[in-house]
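Me: I've got a model open and want to talk it through before doing anything else with it. Mind going over it with me?

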Amino acid sequence: VQLQASGGGLVQAGGSLKLSCAASGFVFNLFTMDWYRQAPGKERELVASITPGGTTTYVDSAKGRFTISRDNGRRRLYLQMNSLRPEDAGLYLCKVKYRGSDRWGQGTLVTVSS
């Protein structure tokens, strides 16, 4: 199982970023996929999830601003982030629970300047 996140960067508050996670080594369309955020000094937080059928859930702070999506044909997971705030900054990681174990990508860093 391999997960490769990309798309992070430096953005001004109010701006947008689209994160991408390329998946390999498992049957992507059968698994729920998650985006997590790891901010300095804080616990890793689940930001959004998407089921194989496309049902999505979000942490309250992301509702109305972030959109998680997936392209099963391309084996890619996405996170569109709009109206970014400084508190959205952190390392964003994609995750899949595969055979009972959490598998993580290396993450992509999002920095939001105020």
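Me: In what order do the elements of the chain run from the N terminus on?

Reply: Keep in mind that this is a predicted model. The chain has zero helices and 11 strands. Read from the N terminus, the order is therefore β-β-β-β-β-β-β-β-β-β-β.

Me: How does the radius of gyration of the chain sit against the globule rule?

Reply: The C-alpha trace spans about 40 × 25 × 20 Å along its principal axes. For 114 residues the globule rule gives 13 Å, and the chain is close to that, so it is as compact as a globular protein of that length. The radius of gyration of the chain is 13 Å.

Me: What share of the 114 residues is buried?

Reply: To count as buried, a residue needs a relative accessible area under 20%. The chain still exposes about 5,900 Å², with carbon and sulfur atoms supplying 47% of that area. The buried share of the 114 residues is 41%.

Me: How far apart do the centres of the positive and negative side chains lie?

Reply: There are 15 positive side chains and 8 negative ones in the chain. Take the centre of each set, and the distance between the two is 8 Å.

Me: Which residues touch the most other members of the largest nonpolar core?

Reply: That core holds 30 residues. Elements giving two or more residues to it include β1 (2–6), β4 (33–38) and β8 (76–81). The residues that touch the most other members are Phe26, Trp35, Leu77, Leu79, Met81 and Tyr92.

Me: Leaving out residues up to four places away in sequence, what does leucine 79 touch?

Reply: Touching here takes heavy atoms within 4.5 Å. Leucine 79 is itself one of the core members with the most partners in the core. Its contacts are Leu17, Lys18, Leu19, Trp35, Val47, Ala48, Phe66, Thr67, Ile68 and Tyr92.

Me: Where is arginine 75?

Reply: Arginine 75 has a positive phi of about 60°, though it is not a glycine. Its relative accessible area is 26%, which means it is partly exposed. The place of arginine 75 is the loop between β7 and β8.

Me: And is arginine 99 buried or exposed?

Reply: Arginine 99 is in the loop between β9 and β10 (101–104). Phi of arginine 99 is also positive, near 50°. The relative accessibility is 74%, so arginine 99 counts as exposed.

Technical notes. Residues numbered from 1 in each chain as written. Predicted model: local features only at pLDDT ≥ 70, side-chain atom pairs only at ≥ 80, totals over all residues. Heavy atoms only, no water. Helix = DSSP H or I, 4+ residues; strand = E, 2+ residues; numbered from the N terminus. Rg over C-alpha atoms; globule rule 2.2 N^0.38 Å. Buried < 20%, exposed > 50% of the residue type's maximum accessible area, 1.4 Å probe, protein only. Areas by Shrake-Rupley, 256 points an atom, 1.4 Å probe, with all protein chains shown as cover. Lys, Arg positive; Asp, Glu negative; His and termini not counted. Charge placed at Lys NZ, Arg CZ, Asp CG, Glu CD. Core = buried A, V, L, I, M, F, W, Y, C linked by side-chain atoms within 4.5 Å.
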